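This briefing introduces the structure shown below. It takes up the contact between the chains and then the sheets within them.

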Amino acid sequence: MRDSTKQDSASRADSIALVRELEHLQGGAARGDSGSAPPAAAIPSTGPTNPRLLPDFSAVGDLVGDLSPKGSTQPDQTRFGVREVELAIQAAVDPYFRGDVFLGISDLESISIEQAYLTTTNLPYGLEVRLGRFLMPVGKENTTHRHDLHTIEYPYVIQRFLSDDGLKGTGVWLSKIFSPFGFYQELQLTAVDRFGDRPDSLITPEPPNKELGGLTYSARLRNYVDLSESTNFELSASAISGKREQPLSPGYTDPTLGAINALNARQTVVGADLTYRWRPLQQGLYKSFILQGEVMRQLNERDVDLPSGQSYDGPVRNYTGGYVFARYQLTARGFLGARYDQLQDPMAAGGNTRAGSAYLEFFPSEFSKLVAAYERYVPPSAVAAATNRILLQATFSLGPHKPHPF
Amino acid sequence: MLSINDRVSLSLRILMKNTFAKVRPFLTAAIALAAVTAFSRPALAQLNVVTSTTDLADIAKSVGGAHVNVKHIGEGYQDPHFVEAKPSFVLQLRNADVWAFVGLDLEIGWMPLLLDGARNPKIRLGGSGYLDVSSVIPVLDRPSGNVDRSQGDVHPLGNPHYWLDPDNGKRIAHLFQTKFSQLDPGNSAAYQSNERAFDAKLDAAMRALVPALAKIKDQPVVAWHTSWRYFAEYTHMNIVGFMEPKPGVPPSPSHLAGLIQTMRRTNAKVIVMEPFYDRKTADFVASRTGAKVLILPPSVGGIRSVNDYIGLLTYDITQLASTF
């Protein structure tokens with residue numbers, strides 16, 4: 001390899017010498033200082049790097065292994081599975097919009113539109129509008145693709161209060177950046193079609209979004225502050241509110257609509273998150289530290305109008321949960337992380353679910369990641385016994401170099 | 001007999017006519033002033049210039065002088081491939097008139113996030129302030145065949161570390177002069193004068209380094225990363241190997257074993273590396289070969305005493321020459 005490099009260097013040196021001679025002849029005389037700066041025009045043009053205007057195509061593979069001693073803890077009970085392959089198509093659409101499409105392919109959900117949105121590129125006053133489906137800007141981790149997380153799965157508070165694989169919404173996103181106090185602030189507002197996925201088994205007399213007030217609305221205020229060139233923190237607050245289908249029993253039959261077993265009830269999630277980062281610039285390839293925490297509270301509508309003879313099986317209390325995560329960089333490619341989760345679990349009637357997990361991450365390159373994790377999962381004792389989980393993950397990305405997540 | 005409406009209408013017309021007669025001189029003056037303003041080439045207060053590196057920032061300051069306000073994103077002592085896309089940088093870019101970057105994918109890991117975040121059409125691709133500096137550089141190491149990631153973190157468009165060749169420094173200065181003159185034609189003469197002064201100062205510095213360059217010529221050295229290729233083209237130092245087996249890939253034991261053999265065979269006695277790489281591995285190789293590890297700043301600010309572009313080149317060349 002080095003020999004060929006040397007030969008290449010020699011031929012390139014010749015070509016550069018030729019360029020310099022041309023510059024000397026063309027530019028030097030005109031500028032009257034033959035030994036001085038070469039004009040830019042003398043450099044041969046290489047033409048556009050993408051003459052056919054093709055969009056960027058890329059793929060991310062997310063493979064998960066589950067070696068838990070008492071059986072797989074994956075939803076499909078697999079020991080080794082392809083959790084997801086994400087295909088991305090991204091490009092400028094025209095002078096006004098950029099387009100991003102992310103398709104998710106998995107054994108559980110076959111193919112689905114994970115995200116697909118237009119983003120404005122030319123609005124004034126620091127405004128940006130996004131139209132389509134996107135990860136909802138609620139909390140810190142929810143806006144990160146699952147395969148880009150520092151952990152293998154989303155924190156439990158996000159899984160229970162928002163969605164297992166990140167809450168998405170389809171609608172309008174408006175964002176504005178400002179800095180009246182000298183640091184970065186961003187307000188993100190959304191109005192989307194519904195709160196989470198439509199549950200197949202729940203049928204309501206009318207869709208949650210029949211009235212505009214039934215749409216789901218969210219707001220997030222980001223505050224980012226540099227403490228020094230190597231340390232910074234982000235303190236943000238989020239809220240999301242919308243109507244969701246909640247179960248009724250025993251259900252009833254509507255003469256025109258058929259079997260009804262659910263009604264729409266408002267659910268609101270409010271939260272705050274804090275992320276502290278340390279990365280000394282000169283040793284940044286080898287040393288870094290992140291401390292992150294989120295707390296969320298889920299507020300559920302209790303005074304629902306019940307049809308006669310029906311009882312409400314939806315949540316009748318509020319729930320609180322959160323997590324703390326820390327990650328320390330051991331070497332250029334190795335990281336050690338740990339997370340502690342605790343929440344009043346809606347899936348366990350509000351009982352306390354706790355989990356502690358540790359992660360060893362290894363990045364062979366920027367384009368692949370290997371993770372080994374141990375987790376002690378402790379649900380309320382009345383619900384299930386504590387579980388030890390051993391998880392493995394490998395992710396890889398193909399295609400153009402993507403920006404590093406921050 | 002006029003109706004009330006007609007009287008009101010007539011009164012208004014007379015009032016407007018009288019008023020217009022009074023304000024006509026002022027109106028004429030205002031229109032003339034607007035026309036002069038519109039078609040003249042006014043000097044802007046200051047161009048806001050943001051650069052990706054300290055080297056570009058220093059050259060921009062040299063060319064722009066007092067007419068530009070220059071900030072930079074990366075520091076000279078950090079790896080320019082791995083700058084973090086902090087939101088605070090978005091605030092710098094939000095009001096930039098010019099965004100000048102090295103290009104050739106050097107900033108691909110962070111620039112897209114910052115440009116998207118800044119929401120500033122002037123500095124997006126196609127905008128008047130989007131300045132890909134590599135467009136005026138004769139690029140080294142542009143792959144001629146197929147490339148893929150098995151070759152490491154290759155730059156498919158070529159080697160982006162071109163600022164360490166002073167001839168490229170002049171090309172960069174000329175590009176800045178052209179761009180600043182285009183955006184701020186009223187100060188064009190000042191930009192041209194500043195560019196000439198920069199070139200003259202750089203030429204003088206390089207002339208003073210001729211003896212040092214003579215000592216460096218053809219000397220075998222090992223570099224950590226391909227960032228010293230342009231420097232080698234200018235100084236004619238002979239890079240016989242790299243600490244990285246492939247671009248961006250940390251040294252492996254087997255690669256180091258081969259490199260040690262190469263160094264012994266070629267009598268390479270210097271390992272050149274940047275301040276942001278781990279020195280322990282280089283020290284190990286040096287201990288097996290009797291070589292010296294020479295930490296050279298690749299950019300302005302890479303060490304505390306190097307605070308301008310010409311000083312950077314002077315420091316690197318004199319330090320390297322002193323090892324032979």
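Between chain B and chain A there are two salt bridges. The model is a predicted one, and every value in this briefing is computed from it. The side of chain B that touches chain A draws on several helices and a strand, and two open four-stranded sheets with parallel pairing are described in chain B, one ordered S2-S1-S3-S4 and one ordered S6-S5-S7-S8.

**Extent of the interface between chain B and chain A**

- The contact involves 56 residues of chain B and 55 residues of chain A.
- About 5000 Å² of area is buried between the two chains, and carbon and sulfur atoms account for 55% of this area.
- Within chain B, the residues that lose the most area to chain A are B:Phe82, B:Pro87 and B:Arg119, which together make up 14% of what that side buries.

**Polar and charged links across the interface**

- One salt bridge joins the side chains of B:Arg119 and A:Glu186, with an N to O distance of 3.0 Å.
- B:Arg119 is thus named twice here, as a partner in this salt bridge and among the residues of chain B that lose the most area to chain A.
- Twelve residue pairs are in polar contact across the interface, both residues of each pair being at pLDDT 80 or more.
- At least two residues of the side of chain B that touches chain A come from each of these elements of chain B: helix H3 (87-94), helix H4 (111-118), helix H5 (166-183), helix H6 (188-208), helix H8 (229-235) and strand S6 (238-242).
- Sorted by class, this side of chain B holds 24 nonpolar, nine polar and 23 charged residues.

**The sheet S2-S1-S3-S4 of chain B**

- Four strands of chain B, in the order S2-S1-S3-S4, make an open sheet with parallel pairing.
- Strand S2 (68-72) and strand S4 (130-132) of chain B each have a single partner strand, so these edge strands have one side without a neighbour in the sheet.
- On average, neighbouring strands of this sheet are turned by 20° against each other, direction ignored.
- Strand S1 (residues 47-51) and strand S3 (residues 98-101) of chain B run parallel and are joined by three bridges.
- B:Val49 has B:Val98 in S3(B) as its bridge partner.

**The sheet S6-S5-S7-S8 of chain B**

- A further open sheet of four strands in chain B has the order S6-S5-S7-S8, again with parallel pairing.
- S6 and strand S8 (292-295) of chain B are at the edges with a single partner strand each, so one side of each has no neighbour in the sheet.
- From one strand to the next, the twist averages 35°.
- Four bridges link strand S7 (residues 270-273) of chain B with S8(B) in the parallel sense, and B:Val270 has B:Lys292 in S8(B) as its bridge partner.
- Helix H9 (residues 253-266) of chain B packs on this sheet and touches strand S5 (220-223), S6 and S7 of chain B, its direction making about 155° with that of S6(B).
- S6 of chain B therefore has a place at the edge of this sheet, and S6 also supplies at least two residues of the side that touches chain A.

**Antiparallel strands of chain A**

- Strand S14 (residues 334-344) and strand S15 (residues 352-365) of chain A pair in the antiparallel sense over eleven bridges, with A:Phe335 opposite A:Glu361 in S15(A).
- S15(A) also pairs in the antiparallel sense with strand S16 (residues 368-378) of chain A, over ten bridges, and here A:Ser357 stands opposite A:Glu375 in S16(A).
- A hairpin is formed by S15(A) and S16(A), with two residues between them.

Conventions:
Residues numbered from 1 in each chain as written. Chains lettered and ligands numbered in written order. Predicted model: local features only at pLDDT ≥ 70, side-chain atom pairs only at ≥ 80, totals over all residues. Heavy atoms only, no water. Contact = heavy atoms within 4.5 Å. Buried area = accessible area lost by both parts, 1.4 Å probe. Salt bridge = Lys/Arg side-chain N within 4 Å of Asp/Glu carboxyl O. Polar contact = N/O pair within 3.5 Å; in protein donor to acceptor, adjacent residues only side chain to side chain. Nonpolar A, V, L, I, M, F, W, Y, C, P; charged D, E, K, R; others polar. Pairing = 2+ DSSP bridges. Axes fitted to C-alpha atoms, helices over the stretch in contact; angles between N-to-C directions.
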